[in-house]
Amino acid sequence: MSFSGSTAGSGSGTTRTSLEFGRTHVVRPKGKHEATIVWLHGLGDKGSSWSQLLESFPLPNVKWICPTAPTRPVAAFGGFPCTAWFDVGDISEDAPDDLEGLDFSAAHVANLLSTEPADVKLCVGGFSMGAATALYSATCHAFSQYGNGSPYRVNLSAVVGLSGWLPCLRTLRRRMQGVNDAIRRAASLPILLCHGTGDDVVAYQHGEKSARILSSSGFQNLTLRTYEGLGHYTIPEETDEICRWLSANLCLGGT
C-alpha cells in the first residue's frame with residue numbers, strides 16, 4: 001500500500017470509546033533501569049513484531065514497551081479495519097488530520113509512561129504510522145497539551161521516528177510562534193529521524209519535509225539520517241545508528 005498514492009480521505013467516524021488497544025509487550029532491562037521507551041509499530045502490525053527485534057539491541061539499561069494499536073477502519077484501505085494508531089488516507093498538506101485519533105493514541109503512550117520510576121528517562125519512538133504518532137507526541141510535549149487542549153504531563157527525553165511523517169505539519173510553525181515555553185521545550189528535545197530514499201510507502205520527501213518543518217518550528221536538536229535506496233523497512237545499519245544515538249543522548253551506562 002502506498003500512502004502517497006492514496007486519494008481516500010480520513011475520518012471514518014469510529015468513536016474512541018469503542019476502540020480497545022491490543023496486547024502490550026514489555027522487554028525488561030538487563031542492567032540498571034535508566035530509560036523507558038514506548039515503541040509504536042506501523043499500520044496493520046502489532047507490538048510483538050518489534051519487541052523481538054528490540055530485545056536484541058545492545059541497550060541493557062532500556063526498558064521497551066511495545067503496545068498494539070486498536071483495530072479500526074482505515075480510510076487508506078477503503079474503510080477496511082486493521083490495527084492503526086489513527087485514521088489516515090493520504091499524506092499531504094491538504095489531507096485532513098485525525099486529531100481525535102492522534103490525541104487518543106498519544107494519551108495511551110503517556111499513560112504507559114506515567115507509571116515509570118521518577119528517575120527514569122522517558123522516550124517514545126516508532127516506525128511508519130508509529131513514527132508519526134511519536135512525532136505528534138513530541139509536539140504535545142512542546143505545547144504541554146494535546147491537540148484538544150487537555151494537559152500533556154509527560155516530560156519526554158528523546159523521540160525516534162523511522163520511515164514516518166509529521167501529522168498536523170501545516171499548522172505547527174504558526175502555533176509555535178511567540179509561545180516561548182513551547183519553543184524552549186522543543187529546542188531541548190532530541191529527535192532522531194531515519195528514512196530511506198527508496199521508501200515506496202511513505203515517500204522520502206515526507207520524512208525530509210517533516211524534519212525541515214520541525215527544525216524551522218523550534219525543534220533544533222534534530223538529526224535526520226538518510227539511507228540511500230532503503231525501502232519501507234529497517235536494516236542493521238539503521239538500528240546500529242539508533243543504539244548509538246540513544247546511548248549518547250540519554251547518557252546510558254553500559255552498552
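1. H25 counts as buried, at 17% relative accessibility, because the limit for that class is under 20%. The residue lies in strand β1. Leaving aside residues up to four places away in sequence, H25 touches G47, S48, S51, W64, I65 and C66. Of these contacts, G47, S48 and S51 are also among the buried residues of helix α1. This is a predicted model, and the values below should be read with that in mind.

2. Confidence comes next. The average pLDDT of the protein is 91, and 91% of the residues score at least 70. Residues 1-15 are the stretch to treat with care: pLDDT stays under 50 there. The model has 40 contacts beyond four places in sequence for residues 1-15.

3. Strand β1 belongs to an open sheet of seven strands, in the order β1-β3-β2-β6-β7-β8-β9 and with mixed pairing. The edges are formed by β1 and β9 (222-227), each of which pairs on one side only. From one strand to the next, the twist averages 15 degrees. Between β1 and β3 the pairing is antiparallel and runs over three bridges. Within this pair, V26 stands opposite I65 in β3.

4. Helix α1 packs on the sheet, where it touches β1, β2, β3, β6 and β7. The direction of α1 makes about 160 degrees with that of β3. Which residues of α1 (residues 47-54) are buried? They are G47, S48, W50, S51 and L54. These residues lie on the same side of α1, because they cover an arc of only 165 degrees around the axis. The general background is that an α-helix has 3.6 residues a turn, so residues three or four places apart point the same way. The buried residues of α1 pack against β1 (25-27), β2 (35-40), β3 (62-66), β6 (121-127) and β7 (156-162).

5. A second helix to note against the strands is α6. This helix lies across β8 (191-196) and β9, and runs at about 165 degrees to β9. Helix α6 (residues 204-217) also holds both R212 and E208, four residues apart, about one turn of the helix. R212 forms a salt bridge with E208, and the closest N and O atoms are 2.6 Å apart. R212 is partly exposed at 42% relative accessibility, and E208 is partly exposed at 27%.

6. The whole structure contains eight salt bridges. In general, side chains of opposite charge can pair when their charged atoms come close. One of the bridges joins D98 to R72, with 3.7 Å between the closest N and O atoms. The two residues are 26 residues apart and link distant parts of the chain: D98 is in the loop between β5 (81-83) and α2 (99-114), and R72 is in strand β4 (residues 71-73). Are these partners buried or exposed? D98 is buried, with a relative accessible area of 9%, and R72 is buried as well, with a relative accessible area of 2%. The pair is part of a network of salt bridges that links R72, D87 and D98.

7. D97 has a salt bridge with R170, the closest N and O atoms being 3.4 Å apart. D97 lies in the loop between β5 and α2 and R170 lies in helix α4 (residues 169-176), so this bridge ties together parts that are 73 residues apart in sequence. D97 is partly exposed, with a relative accessible area of 29%. R170 is also partly exposed, with a relative accessible area of 41%.

8. L102 is a residue of helix α2. Its relative accessibility is 0%, and L102 therefore counts as buried. Not counting residues up to four places away in sequence, the contacts of L102 are F86, Y136, P167 and C168. L102 and T171 are 69 residues apart in sequence, and their C-alpha atoms are 15 Å apart in space.

Definitions and conventions. Residues numbered from 1 in each chain as written. Predicted model: local features only at pLDDT ≥ 70, side-chain atom pairs only at ≥ 80, totals over all residues. Heavy atoms only, no water. Buried < 20%, exposed > 50% of the residue type's maximum accessible area, 1.4 Å probe, protein only. Arc of directions from axis to C-beta. Contact = heavy atoms within 4.5 Å. Salt bridge = Lys/Arg side-chain N within 4 Å of Asp/Glu carboxyl O. pLDDT = per-residue confidence, 0-100. Pairing = 2+ DSSP bridges. Axes fitted to C-alpha atoms, helices over the stretch in contact; angles between N-to-C directions.
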